[in-house]
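Student: I've got a new model open and I'd like to practise reading it. Could you walk me through a few features?

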Amino acid sequence: MATEAELKAAGEKYIPKDYDPALYRLRHSLAHVLAQAVVEKFPQAKPTIGPPNEYGFYYDFELDVNPSPGDLEWIGNRMRQIIKGKHAFKVREISADEGRQLFQGNPYKLELIDGLAKGGQDEYGNPSAGAATITVYQQDTFTDLCRGPHVPTTGDLDPKGFKLTQVTGSYWRGKSENPMLKRFHATAWASEDDLKAHLARVEEAERRDHRKVGRELELFANEPVFGSGFPMLLPKGATVRRLLEAFITDYERKAGYLHVYTPDAAKKELYRISGHWEHYKDSMFPPMDLAEGGQEWDELCLRPMCCPHHIQVYKSKARSYRDLPIRIAELGKMYRYERSGVVGGLSRVRCMTLNDAHLFVRPDQVKGEIAGVLALMKRAYADLGITEYRFRLSKNADPDGPPSDKYVDNPAMWESSTTMLREVLQESGMPFFEAWNEAAFYGPKIDVQVKDVMGREETLSTIQADQHLPAKFELEYKDSDDTPKRPVMIHRGVISTMERMMSYLIELYAGAFPVWLAPVQVAIVPIADRHFTFAQKLADDLLEKDYRVEVDLSSGRMQAKIRDAAKQKIPYILVIGDKEMEANAVAVRLRDGTDLGPKPVPEFVALLEKIARSRTLGLVL
Ligand SMILES: [Zn+2]
Ligand SMILES: [Zn+2]
């Protein structure tokens, strides 16, 4: 039998690699304290599992009542009492039979004990290797099946560092054929200050949530009849997208990219050759059998990526070493089969348009071309106001981890491509970090990682060096000595998919787009009917100069009209009354409420032009 110290030490290995160990221990411990309080409040409640999660923990109970806010308050107060009792978390090893005795009447714990006894399952019912030691932890009067780890005593928890947030429904083991349980959610931190900071971040994230802002600013909408994951862009959202597309394709043209249009669909044969069918099938929509040709490989697939399509562009004529590099670009529409439960807003969609390009280059050009892509990326990010990002070298499966069939099997290729990307990053002088298990199936990547309001990292842009697809498709160019050589393919997306970039920018700016991207740049507010003609004429003049203008000819009051325009985050609001009309001037208000006072019309137009052209976030010079 292991000692208590040995059992406690053994629990430490269950802390996930990316999780702060102190937070993991305290959240795990608080889950037990919560369970004790819940069972005291509702003696009929049957505890199931209660693991830590991203910002706290949850605990699922079989419970036949809906806890009221008053019940939650009671539970929170009782938890604070238990914490102040400074009860030790005591562990002991038990046999399966002892466990069955201890948890009799709780079918969930009995199922977990069976899984532990049989082996192959851990205490959460997840697959694990070998039969486990069965341990229980006790604090105060409450005993739970648990492998740890915990803090030494409840006194090590901050009674003001946690908050019960809500109770939702959830199926046992997440399966809808199982009983519905009550999930108690809590966020938990080391101190009251940390908790407050977290709650402030949550509030800010809700304020900036692109789904909320997108609705308020009429940027996009989800219609059930389209199915989930297929949002539609409303006129204002479509304007932002058109501007983003023009912005990036302009930069690409100047950097020597050639833009193409290739089909959204292709025969399954294409993805058989590329390997997408073998490695990426789960993310593809089911193929369509149009009974054309009658063979399985004649079925039609919606494309999951553009790479094999751009390869056809490369292959459309013979290439010589002098032609390379060839940079093929497309705002390419792609389709990904995502479960309906995970799609939402613009950030997780089933059809997306990627700012895609494939560079076909000679081996001696790879590094220079990747450096060129990095430079393009930095310029684009600066213009978009994205200042906080870091580079990640994304590699294939960790050699020390479990084997993976996600990646093509070619160790020499992985080695040389990864080394090449690492050298480019080192030579660029930009800080980067490396991560296993984040590569594309055909090669390693450089990913650009940005953070959202909650501090969560996501990938916005990628660069990949690929020697796999050129071999699969037998790509060639004629070298200077007339022999056929194989090009290297660089895959890259600079501003990500249009959908993801839009959702990111909406949250970054909280809907207040810089002037060059604002769907409406100027709102004109005439005070009375007699100013309508002047206002309309000014709007027409600005439209003629390619600015985006709205003129409010409704009968509303001036203050209300100004408020509406500011709520729509329109950068400039121009008020027109008698004095302004007489002087060919406008009274300029900014969306944040700043009053710039009257300005002659030509002066305002000059300001607008300078601000829009400089792509600055500011509204004044
Ligand atoms: Zn525990
Ligand atoms: Zn590609």
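**Reading burial, a helix and a sheet**

Tutor: Sure. Keep in mind that this is a predicted model. For a start, 36% of the 621 residues of the protein chain count as buried. The chain holds 19 helices and 26 strands, and its C-alpha atoms fill a box of roughly 85 × 75 × 55 Å along the principal axes.

Student: Let's take one helix. Which residues of α12 are buried?

Tutor: They are Val 366, Glu 369, Ile 370, Val 373, Leu 374, Leu 376, Met 377, Ala 380 and Leu 384. Looking down the axis of α12, you'd find those buried residues within an arc of 165°, so they line one face of the helix. Gly 368, Ala 375 and Ala 382, on the other side, are exposed.

Student: What span does α12 reach from its first C-alpha to its last?

Tutor: The 19 residues of α12, 366-384, reach 27 Å, close to the 27 Å expected at 1.5 Å a residue. Right after α12 comes Gly 385, with a positive phi near 80°.

Student: Now strands. How do I read the faces of a sheet?

Tutor: In a regular strand, side chains alternate between the two faces of the sheet. Here, try β18, residues 457-466: seven of its 10 residues are buried.

Student: Which strands does β18 pair with?

Tutor: β17 (residues 445-451) pairs antiparallel with β18 over seven bridges, and Lys 445 has Gln 464 as its bridge partner. Five residues sit between the strands of that hairpin, where Gly 455 has a positive phi near 85°. β21 (residues 488-497) also runs antiparallel to β18, joined by five bridges, with Thr 462 opposite Gly 493.

Notes:
Residues are numbered from 1 along each chain as its sequence is written. Chains are lettered from A and ligands numbered from 1 in the order in which they are written. This is a predicted model: local features need pLDDT of at least 70, side-chain atom pairs count only at pLDDT 80 or more; totals for chains, interfaces and linings use all residues. Helices (H or I, at least four residues) and strands (E, at least two) are DSSP runs, numbered from the N terminus. The expected span of a helix is 1.5 Å times one less than its number of residues. A residue is buried if 20 or more other C-beta atoms lie within 10 Å of its own, exposed if 12 or fewer, and partly exposed in between; C-beta atoms are placed from the backbone. The arc is that of the directions from the helix axis to the C-beta atoms. Two strands pair if DSSP finds at least two bridges between them.
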